[in-house]
Amino acid sequence: MNLRKPALSALFVCLLGAGFSGAAAAASADPATLGKIRDAAMQSDWSYQRLEDMTDLVGPRLSGSAGGAAAVEQVAAAMRALGAKVTLQPVKVPHWVRGEEKGELVDYKGRPASITQRVVLTALGGSGATPASGLTAPVVVVKDFDELKARAAEVKGAIVLFDVAFDQGMADRGLAGNAYGQGSRYRSNGPRMAAELGAAAALVRSVGGANYRLPHTGATNMKDGQRIPAAAVTAEDAMLIGRLLKRGPVKMKLTLTPQILPDADSFNVIADLPGSDKADEVVIVSGHLDSWDLGTGAHDDATGVTTSMGVLHTIKQLGLQPRRTIRMVAWANEENGLRGGNAYYQAHKDKLDKQFAAIETDGGVGRTFGIQAGVRREAEKYFVPLQNALLPIGAGVFNRRDSAAGADVHQLEAGGVPSFMPYVDTSAYFDYHHTPADTFDKVDPVNMKKHVAVLSALTWFLANTEDPIGRAPEQK
Ligand SMILES: [Zn+2]
């Protein structure tokens, strides 16, 4: 790789010169341009500044909230300032608001008469409400769905706790997504299944890694008319309840007063850097603009939005014009509805051949190792120049998969659009995910630059390649 360097720096000067005199002629995805893009991104903290703006000035951005609306304005303004063509695509989003939330163990064997124990918990998105004065019921702990069904008689009228520990050991070895999936299915589906069995409320052990008695919220799938109160308890409190249950029955008083308001108006923020000779073909680079309400959604997913914004900044800064249109999308409502991704798909589903590729970043900015690519095997060889350009920053891994779509672009991928995501170290991602601690200070600025470099080079490559990278693999 070092062999490339002298040639690269010579070209850097020459192309930079062209940039200052206005948009350069469409460059192909040649190694020199890719190297120049990589280096420019590694030298810029523009995205990191936008991240600070979003998390410190706006803060939480749950769908329907004032923060959600302010973030739309902030991103649109920053993209206009760069000279991008900005469109706001209207999206109706769910509007759930958190209320009071309180848990207390009011009876258990061995309890001194004057003692009750506070349980640290937080309502899950879409949770129903208890009466304002709370509800009191016995707690039943189950380890899985089979046990839930086997104990249906006890579950009726009880507060069910799904006690499934997050497998940090798995996350440490590069399988954080799998570890998350194993836990989050109880959060997603447990409350609905408990409701069907007549439970008074449902609790889940927080799905996440660092056990600093932090509750991790998230969405849960319940239907209108069948909502029961549902909350995440901390790992520590789930273990406490488990230990007390070994001594005898445990009763909890639970107060949750969230509300579901009428759907609200929101937007996908779409910012285009128009292409030259293939302007009608689009390469999407994206993250989701909404976040949970507890923290400031720094890793999830302000980093995804601001690094995607950074792609346009990098390319604009170098005065380059892509052949295909580069489209930054800040998706509305990923966390509790996917309405933004769905609205985009509905608007484009009849012309998906014009959606050349879709990138989404939604795994935070731990160290970026390279790229995960949902392309066919025969297309893998075309990405070697891109891989080579990213090797000098330790991001040369090209991980081909049958599916690599983030949540907002999965419908596009199912429709044949090749999808990509940065390959990121997510071993610590679930420490703060959906907690009050997902804040700006958790983001490493050097990792962030590397992430922008990977995204920028990938986006540029896709926007200019003449190779037949084809459509996405058949989705199962
Ligand atoms: Zn996310």
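In this predicted model, L312 touches M79, L82, A84, A271, L273, I326 and M328, leaving aside residues up to four places away in sequence. L312 belongs to the largest nonpolar core, which has 82 residues. Along with V75, V283, L289, I359, A457 and L458, L312 is among the members that touch the most others in that core. As for who supplies the residues, helix α15 (residues 445-464) gives the most, with 11 of them. Another core lies apart from this one; it has 42 residues, including Y108, A123, A219 and L256.

Now for the overall layout. The chain splits into domain 1, made of 2-95 plus 263-464, and domain 2, covering 99-257. Taken over C-alpha atoms, the centres of the two domains are 36 Å apart. Where the domains meet, 15 residues of domain 1 are in contact with 18 residues of domain 2. On the domain 1 side, the touching residues break down into 7 nonpolar, 6 polar and 2 charged.

Next come the strands around β2. Strand β2 (residues 101-108) has two antiparallel pairings to look at: one with β9 (residues 250-256), over 7 bridges, and one with β3 (residues 117-119), over 3 bridges. In the pairing with β9, K102 has T255 as its bridge partner. In the pairing with β3, L105 sits opposite Q117.

Ahead of β9 in the numbering is helix α9 (residues 235-247). This helix has 13 residues and reaches 19 Å from its first C-alpha to its last, close to the 18 Å expected at 1.5 Å a residue. Its buried residues are A235, D237, A238, I241 and L244. In an α-helix there are 3.6 residues a turn, so residues three or four places apart point the same way. Just after α9 comes G248, with a positive phi of about 160°.

Strand β14 (residues 368-374) is another one to look at. It is largely enclosed by the rest of the structure, because 7 of its 7 residues are buried. With β16 (residues 419-424), β14 pairs in the antiparallel sense over 6 bridges, and A373 has F420 as its bridge partner there. With β15 (residues 397-400), β14 runs parallel, and 4 bridges join the two. Here Q372 is partnered with N399.

A few spots in the backbone deserve a closer look. Most residues other than glycine have a negative phi, and most peptide bonds are trans. N333 is not a glycine, yet has a positive phi of about 60°. It sits in the loop between β12 (324-331) and α11 (339-348). N333 is also buried, with 27 other C-beta atoms within 10 Å. H434 is a similar case: again not a glycine, with a positive phi of about 65°. Its place is in the loop between α14 (429-432) and α15. H434 counts as buried too, given 30 C-beta neighbours inside 10 Å. Finally, the peptide bond from D300 to D301 is cis, with omega near 0°, and D301 is found in helix α10 (residues 298-317).

How values were computed: Residues numbered from 1 in each chain as written. Predicted model: local features only at pLDDT ≥ 70, side-chain atom pairs only at ≥ 80, totals over all residues. Pairing = 2+ DSSP bridges. Core = buried A, V, L, I, M, F, W, Y, C linked by C-beta atoms within 7 Å. Buried ≥ 20, exposed ≤ 12 C-beta atoms within 10 Å, placed from the backbone. Contact = placed C-beta atoms within 7 Å. Domains from an automatic or database assignment. Nonpolar A, V, L, I, M, F, W, Y, C, P; charged D, E, K, R; others polar. Expected span 1.5 Å × (residues − 1).
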